[in-house]
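Q: Please take a close look at one part of this model, and then set it beside the rest of the chain. I would like the terms explained as they come up.

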Amino acid sequence: GSIDLTVNGGVGPYTYSWSNGETTQNLDSIPIGTYSVTITDANGAITTCTTTIYQPAAPTANILNDSIAPCICSNDSLTVNGQATNDSLHIWTTSGDGHFIWPLSSNTKYVPGPLDLNSSSVTLYFTAYPNAPCDSVFDQMILCFEPAPIANILNDSIISIGVCAGDSLTVNGQATNDSLHRWTTSGDGHFIWPLSSNTKYVPGPLDLNSSSVTLYFTAYPNA
């Protein structure tokens, strides 16, 4: 650190006697600590003053759980949590074209952009800016993207398909980017092979009494 001393009043020239033994008006390249100086003017008038040189603690920035490389579906957002200390400001930024909902908050969400998804991964940064004169610091994490699953029931544009009591219905589904797909029903019937894309639905008694039922074909993601 340094101390720049300005003297007002009295009669020059002045002499200086610092607590560290120096006799110059100003001090340069000194360590942290408390310094006092005795100033004497040409008439022998004396005054003293004291000041302290301190060094603020350096800022820290940490992304919680960034050791785990997360992957999300391409249609999802990611909740991120940061922790900063000894800072005047912290901010989230990205190497991609996505955006943070609250970039100046420690805890926020990242919404990927089109270029992020095309590149399959993106780097997220959490930066803590210091109280001068320290340098800023940052932590980073890599976020990867998995294609979102797609589920489609073939010929489901046909709104109503009639089934007589005692009959079954053949259904055909198509799923991509999934780890599992499953047929379910809003009624009490059952599927012969519920985990197969192509299967048969056998209506239950309550289905027949209610005159209609809704069938669902669900694709579950890889992540």
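A: In this predicted model, Asn152 stands opposite Gln174, a residue of E13. Residues are numbered from 1 along each chain as its sequence is written, and side-chain values use heavy atoms, with hydrogens and water left out. Local features need pLDDT of at least 70 and side-chain atom pairs count only at pLDDT 80 or more, while totals for chains, interfaces and linings use all residues.

Strand E13 covers residues 169-176 and runs antiparallel to E12, to which four bridges join it; strands (E, at least two residues) are DSSP runs numbered from the N terminus, and two of them pair if DSSP finds at least two bridges between them. These two strands belong to an open sheet of four, ordered E12-E13-E16-E15 with antiparallel pairing. Strand E12 (150-153) and strand E15 (190-191) each have a single partner strand, so these edge strands are left with one side that has no neighbour in the sheet.

Turning to the interior, the largest nonpolar core (buried Ala, Val, Leu, Ile, Met, Phe, Trp, Tyr and Cys residues joined through side-chain atoms within 4.5 Å, where buried means under 20% relative accessible area with a 1.4 Å probe, protein chains only) has 16 residues, of which Leu78, Val80, Leu124 and Leu143 touch the most other members. Two or more residues of this core come from each of strand E4 (60-63), strand E6 (78-85), strand E10 (121-130) and strand E11 (137-146), and E10 gives the most, namely four. Leaving aside residues up to four places away in sequence, Val80 touches residues including Trp92, Phe100, Leu124 and Met141, contact meaning heavy atoms within 4.5 Å.

Terms used:
Buried means under 20% relative accessible area, exposed over 50%, partly exposed in between (1.4 Å probe, protein chains only).
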